[in-house]
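Below are some notes on this model, set out as numbered points. Please read them with the structure open.

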Amino acid sequence: MGPNAQALVIGTDGAGCGTAPHLARLGATDALVVDLALADADGLVLGEALRGWGIPMLACTGSVEPDVEQRVRAAGFAALLRKPYRLAALARELARLSETD
């Protein structure tokens with residue numbers, strides 16, 4: 001991603017993540033980082049809903065379920081980061097997503 005790249009991070013702050021005002025900004029977004037355990041939505045369902053928008057999506061989770069990576073890929077995410085992760089790992093995955101653009 002270039003110096004002007006934008007990523008919308010949908011986290012677990014419970015502030016209406018995934019609602020229309022947040023999603024309206026997706027048109028100018030280079031990548032989407034979604035926590036699978038959103039406070040007010042299911043991150044996998046959100047990924048499925050946004051799959052056709054053409055925005056590379058990265059899922060993050062603290063889940064240790066053995067099939068989580070398979071479910072993430074089926075929902076349309078390009079990659080999965082398991083928590084806890086380092087910022088360098090996030091930057092590496094975002095750079096990889098920009099290469100597939």
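1. In which strand is the place of threonine 61? Threonine 61 sits in strand β3. The model is a predicted one, and the points below should be read as describing that prediction.

2. Threonine 61 has a relative accessible area of 7% and is therefore buried, the cut-off for buried being under 20%. Its side chain reaches the backbone nitrogen of serine 63 at 2.9 Å. Leaving aside neighbours within four places in sequence, the residues in contact with threonine 61 are Leu36, Val68, Leu80, Leu81, Arg82 and Lys83.

3. Leucine 36, one of those contacts of threonine 61, is also among the residues with the most contacts inside the largest nonpolar core. That core has 15 residues, and Leu32, Val34, Leu44, Ala59, Val72 and Phe77 are listed with Leu36 as having the most contacts inside it. Two or more residues each come from β2 (31–35), α2 (43–50), β3 (57–61) and α3 (68–74). The largest share, three residues, is given by α2.

4. What does leucine 36 touch, leaving aside its neighbours within four places in sequence? Its contacts are Asp42, Gly43, Leu44, Ala59, Cys60, Thr61, Val68, Val72 and Phe77. Apart from the largest core lies another, of ten residues, which include Ala31, Val33, Cys60 and Ala79.

5. Isoleucine 55 is placed in the loop between α2 and β3. Is this residue buried or exposed? Its relative accessibility is 12%, so isoleucine 55 counts as buried. Its C-alpha atom is separated by 9.6 Å from that of leucine 97, although the two residues are 42 residues apart along the chain.

6. Leucine 97 belongs to the buried residues of α4, together with Ala89, Leu90, Glu93 and Leu94. These buried residues lie on the same side of α4, because they cover an arc of only 135° around the axis. On the other side of the helix, Arg92 and Glu99 are exposed. The cover over the buried residues of α4 includes β2, β3 and β4 (79–82).

7. Does the length of α4 agree or disagree with what its residue count implies? Helix α4 covers residues 87–99, and at 1.5 Å a residue its 13 residues should span 18 Å. The C-alpha atoms at its ends are 18 Å apart, so the two values agree.

8. To sum up for β3: this strand holds threonine 61, gives two or more residues to the largest nonpolar core, and is included in what covers the buried residues of α4.

How values were computed: Residues are numbered from 1 along each chain as its sequence is written. This is a predicted model: local features need pLDDT of at least 70, side-chain atom pairs count only at pLDDT 80 or more; totals for chains, interfaces and linings use all residues. Side-chain values use heavy atoms; hydrogens and water are left out. A nonpolar core is a set of buried Ala, Val, Leu, Ile, Met, Phe, Trp, Tyr and Cys residues joined through side-chain atoms within 4.5 Å. Buried means under 20% relative accessible area, exposed over 50%, partly exposed in between (1.4 Å probe, protein chains only). Helices (H or I, at least four residues) and strands (E, at least two) are DSSP runs, numbered from the N terminus. Contact means heavy atoms within 4.5 Å. A polar contact is a pair of N or O atoms within 3.5 Å; within protein, one must be able to donate a hydrogen and the other to accept it, and residues adjacent in sequence count only if both atoms are side-chain atoms. The expected span of a helix is 1.5 Å times one less than its number of residues. The arc is that of the directions from the helix axis to the C-beta atoms.
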